[in-house]
Amino acid sequence: MRDQAPTSVRLARYPSDAVGQIRTLRGGHRGRIREALVTINQALASADRGGERYYYPELLRIKGELLLQDASGRPVSAAEDCFRAALDVARQQGAPFWELRGALNLARLRVTEVRHNDAKAILAPVYDQFTEGFEKPDLRAARDILNAPPS
């Protein structure tokens, strides 16, 4: 009897299915985060090959989050690159929700670097695209950053 393929190999064929399973993996300890990074890289490669690009900005954004959580010495710049790429792809796709999520992560990173004005400059143009749904968690989080007192 053949062993079943690991989860990460199966996920690589279905990038849209990877998002939820990666979220489960990243909730664990460092080893699970590394496993999630392998899985997300496979999902991104699969999306590149197969053209399933709808979730691409979200996969990039989650990869950035994972890089920030991974304690293996990766620089913050690698996570920032993922957040910027997520923003760029979302803009190209005309996907303001994915753009907001990428902008939020990049803005949160700026806040941790005590660069609040930069965080607001990143978020404001994305937030201003929205005309409804302001009770949604991502829009509330963006509003909180935008309304934070200057520092």
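## A walk through the helices

Start by selecting Val114, which is exposed, with a relative accessible area of 61%. Keep in mind as you go that this is a predicted model. Val114 sits in the loop between helix 6 and helix 7. Check its backbone too: phi is positive, about 55°, although Val114 is not a glycine.

From that loop, move on to helix 7 (116–127). Put a distance between its end C-alpha atoms and you get 16 Å; twelve residues at 1.5 Å a residue should span 16 Å, so the two agree.

Now colour helix 7 by burial. Which of its residues are buried? Select Ala119, Lys120, Ile122, Leu123, Val126 and Tyr127. Turn the view to look down the axis of helix 7: these buried residues fall within an arc of 165°, so they line one face of the helix. The spacing has a simple background: an α-helix has 3.6 residues a turn, so residues three or four places apart point the same way. Swing round to the other side of helix 7 and you'll find Asn117 and Ala121, both exposed. Back on the buried face, show the neighbours: the buried residues of helix 7 pack against helix 5, helix 6 and helix 8.

Leu123 is a good way into the next stop, the largest nonpolar core. It has 36 residues, and Leu66, Leu100, Leu104 and Leu123 are those with the most contacts inside it. To see where the core comes from, show helix 3 (30–50), helix 4 (56–69), helix 5 (76–93), helix 6 (96–112), helix 7 (116–127) and helix 8 (137–147); each supplies at least two of its residues. Which helix gives the largest share of this core? Helix 3 does, with seven residues. As a general point, nonpolar side chains in soluble globular proteins tend to be buried together.

Stay in the core and select Leu100. Leaving out residues up to four places away in sequence, Leu100 touches Leu123, Val126, Phe130, Asp138, Leu139 and Ala142. Two of those, Leu123 and Val126, are among the buried residues of helix 7 you picked out earlier.

For the last stop, go to the loop between helix 3 and helix 4 and select Tyr54. Is Tyr54 buried or exposed? At 52% relative accessibility, Tyr54 counts as exposed. Apart from neighbours within four places in sequence, Tyr54 is in contact with Gln93 and Trp98. Finally, add Ala95 to the selection: Tyr54 and Ala95 are 41 residues apart in sequence, with 8.9 Å between their C-alpha atoms.

Note on methods:
Residues numbered from 1 in each chain as written. Predicted model: local features only at pLDDT ≥ 70, side-chain atom pairs only at ≥ 80, totals over all residues. Heavy atoms only, no water. Core = buried A, V, L, I, M, F, W, Y, C linked by side-chain atoms within 4.5 Å. Buried < 20%, exposed > 50% of the residue type's maximum accessible area, 1.4 Å probe, protein only. Helix = DSSP H or I, 4+ residues; strand = E, 2+ residues; numbered from the N terminus. Contact = heavy atoms within 4.5 Å. Expected span 1.5 Å × (residues − 1). Arc of directions from axis to C-beta.
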